[in-house]
Amino acid sequence: MDRWQAMRIFVHVVESGGFAPAAKVLHMSPPSVTRAIAKLEEQIGTRLLVRTTRSLKLTAAGEGYVADCRRILAEIAEAEANAAGSFTHPAGLLTVTAPALFGRIHVLPVILDFLNLYPAMQVKTVFVDRVTNLVEEGLDVAVRIAALPASGLVARRVGWVRQVLCGSPEYFARFGEPQSPQDLAHHRIIGREGLFGHSEWLFGRDSSIRVPVSARLICNTNDAAIAAAVAGWGLSRFQSYQVAPDIQAGRLKAVLSDYEREPVPIHVVHAEGRMVSARVRAFVDFAAERFRRRAGVNAELSESR
């Protein structure tokens with residue numbers, strides 16, 4: 001059997017969780033799929049799958065091989081698409097991931113404009129507050145708010161986000177504004193699980209000012225922490241895009257701006273490859289240009305830079 005076809009069958013078996021489901025997708029008989037995997041293991045010289053009556057698991061060799069198969073099959077598909085000319089005109093499904101709130105506020109409008117411009121495109125959003133793995137999760141493009149480590153990904157910086165300390169005008173009227181990070185010891189603190197949920201907050205461009213904080217209210221979502229701050233209960237720290245509408249409307253006020261940390265870069269990221277499909281290239285170019293022009297991402301949020 002052709003090695004490419006055997007790889008394709010193997011990937012389908014892994015992704016569908018069994019020989020029978022893979023056979024159904026591939027329009028093959030289950031015995032044919034079983035023989036194909038057995039022949040592939042014989043050619044390679046090692047066991048790829050551990051089969052029982054109830055489960056199917058990858059061996060250590062199988063885990064590495066399925067990742068290589070996915071990469072090779074993707075490169076073949078890209079080569080075929082390139083030869084067919086689909087790298088010239090964006091078409092097909094594109095999956096875009098971003099942090100949940102940033103995705104809803106800033107990425108979704110870009111996607112809507114992109115779809116209006118390219119009617120042959122379809123976009124699936126994955127807006128989640130965790131670091132996704134583009135290759136393993138089958139994602140095409142990620143918008144990430146972070147200083148990125150070296151990796152096999154291509155990253156284009158498109159803006160900056162500040163970290164701001166906020167409270168409502170009503171809160172400051174009752175308790176006054178802090179004049180230095182050390183003053184936070186005398187203020188009500190709204191904590192949050194995750195990014196700003198630590199017992200110590202860092203201030204200053206070089207993060208050299210360390211201030212212990214003790215939160216009486218700890219929220220597990222950004223929306224809850226923002227609502228508590230707007231209600232005037234206490235102070236909390238946010239990424240600037242999260243509270244930009246409330247600051248602009250006067251519901252919140254940022255303080256201690258002179259003590260802010262270095263702004264965090266925004267990147268548009270995609271997997272590295274010799275050929276980048278037209279849909280990925282078109283969206284990355286389109287999104288980068290839009291992010292650089294959007295006031296909420298660049299001008300208003302990164303003016304301190």
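What volume does the second largest pocket have? I looked this up first: about 590 Å³. For my own record, on a 1 Å grid over the protein atoms alone, a pocket is an open set of points with protein on both sides within 12 Å along at least five of seven lines, while a cavity is a set where a 1.4 Å probe fits but cannot get out; lining residues have an atom within 4 Å of a point. Grid points are joined across faces, edges and corners, and a volume is the space filled by probe spheres set on the points.

**Ground rules**

I am working with a predicted model, where local features need pLDDT of at least 70 and side-chain atom pairs count only at pLDDT 80 or more, though totals for chains, interfaces and linings use all residues. Residues are numbered from 1 along each chain as its sequence is written, and side-chain values use heavy atoms, with hydrogens and water left out.

**Entry: the pocket**

I found 25 residues lining the second largest pocket, and the closest to its centre are Pro-99, Asp-129, Arg-130, Ile-145 and Gln-239. Strand S3 (92-98), strand S5 (141-145) and helix H8 each give two or more residues to this lining; S5 gives the largest share, four residues. Helices (H or I, at least four residues) and strands (E, at least two) are DSSP runs, numbered from the N terminus. I sorted the lining into 12 nonpolar, eight polar and five charged residues. Here Ala, Val, Leu, Ile, Met, Phe, Trp, Tyr, Cys and Pro count as nonpolar, Asp, Glu, Lys and Arg as charged, and the others, Gly among them, as polar.

**Entry: the five-stranded sheet**

S3 and S5 led me to an open, mixed sheet of five strands in the order S4-S3-S5-S14-S6. Strands S4 (121-127) and S6 (153-161) are at the edges with a single partner each, so one side of each has no neighbour in the sheet. The twist averages 20 degrees from one strand to the next. Strands pair if DSSP finds at least two bridges between them; S3 and S5 do so in the parallel sense over two bridges, with Thr-97 opposite Ala-142 in S5. Helix H5 (residues 100-117) packs on this sheet, touching S3, S4, S5 and S14 (264-271), and its direction makes about 180 degrees with that of S4. Helix H9 (residues 278-293) touches S3, S4, S5, S6 and S14, at about 15 degrees to S6. Contact means heavy atoms within 4.5 Å; axes are lines fitted to C-alpha atoms, for helices over the stretch in contact, and angles run from 0 to 180 degrees between N-to-C directions.

**Entry: the three-stranded sheet**

I then turned to an open antiparallel sheet in the order S12-S7-S13. S12 (236-239) and S13 (253-255) are its edge strands, each with one partner, so one side of each is left free of a neighbour in the sheet. Four bridges join S7 to S12, and Gln-163 stands opposite Gln-239 in S12. H8 (residues 240-248) packs on this sheet, touching S7, S12 and S13, with its direction about 105 degrees from that of S12.

**Entry: the cavity**

I found one cavity of 30 Å³ or more, holding about 40 Å³ of space. Gln-163, Val-164, Leu-165, Phe-203, Arg-237, Val-255, Leu-256 and Glu-260 line it. Strand S7 (residues 163-167) provides the largest share, three residues.

**Entry: confidence**

Last, I checked pLDDT, the predictor's confidence in each residue from 0 to 100: the chain averages 86. Residues 295-305 stay under 50.
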